[in-house]
Amino acid sequence: YVSTVGNLVSFLSSWSKGISNSIPYQLKSLIGLGQYYTVIEIKEVSLTISQFHEGYFTNSKPLNTLDLEAVSRGYDGVPVLIVPDEDSITLNLSLPKSALRSLDQLLEEEILRLTPFEVSEVNISYEITPLENGQVNVETHIVPKSKLNEISKRVEQFGLLPRMAVVDRSK
């Protein structure tokens with residue numbers, strides 16, 4: 001759990017630096033000090049719901065049944081769904097910085113080449129990290145739309161309607 005928390009904190013904190021093409025309902029610029037997020041993590045037969053604020057998780061608890069009153073009373077902010085790592089595909093691309101001009105096209109080609117999916121069948125998010133010598137690393141997360149819909153429906157059974165999703169990068 002600590003590893004997941006650390007990775008989520010890192011991801012949420014760096015989100016606005018690199019994301020410009022993302023899962024459709026994700027915001028282009030996600031994190032800013034003072035914002036609250038309600039984080040929803042799927043477990044085998046339940047959900048874990050947590051409050052995320054200024055880089056820290058608080059008020060984490062399992063949710064075994066629909067308890068909208070407790071959720072609405074105790075959690076503020078945008079609902080964020082954690083997509084399990086095993087339900088996504090991660091590609092790490094090391095590219096010259098100049099290749100960022102055609103990044104969308106490059107990612108489409110890589111998805112077609114390296115996955116069994118068409119671009120229209122997936123949601124994509126990526127984070128760009130500068131490297132040395134004018135290079136950048138593009139960490140790309142690909143989630144099939146069918147899998148994201150399946151996970152979202154499960155969460156909606158608990159009365160929660162996430163507005164964005166992030167991949168659990170703890171593995």
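**Helix 4 and the sheet of strands 5, 6 and 7**

Helix 4, formed by residues 145-156, lies across strand 6 and strand 7, and its direction makes an angle of about 60° with strand 7. The model in which this arrangement appears is a predicted one.

The two strands that the helix crosses belong to an open sheet of three strands, arranged in the order 5-7-6 with antiparallel pairing. Its edges are strand 5 (89-96) and strand 6 (122-130), each of which pairs on one side only. From one strand to the next, the twist averages 20°. Strand 6 and strand 7 run antiparallel and are joined by nine bridges. Within this pairing, V122 stands opposite P144 in strand 7.

Strand 7 covers residues 135-144, and T140 is one of its residues. Is T140 buried or exposed? Its relative accessible area is 1%, and because buried means under 20%, T140 counts as buried. Leaving aside residues up to four places away in sequence, T140 touches I89, T90 and L91, as well as L107, I124, S125 and Y126.

The wider chain places these elements in context. It contains four helices and eight strands, which follow one another from the N terminus as α-β-β-β-α-β-β-α-β-β-α-β. Of the 171 residues in the chain, 46% are buried. Among contacts between residues at least 6 apart in sequence, 64% join residues at least 24 apart. The chain exposes about 9100 Å², of which carbon and sulfur atoms supply 51%.

Notes. Residues numbered from 1 in each chain as written. Predicted model: local features only at pLDDT ≥ 70, side-chain atom pairs only at ≥ 80, totals over all residues. Heavy atoms only, no water. Buried < 20%, exposed > 50% of the residue type's maximum accessible area, 1.4 Å probe, protein only. Contact = heavy atoms within 4.5 Å. Areas by Shrake-Rupley, 256 points an atom, 1.4 Å probe, with all protein chains shown as cover. Pairing = 2+ DSSP bridges. Axes fitted to C-alpha atoms, helices over the stretch in contact; angles between N-to-C directions.
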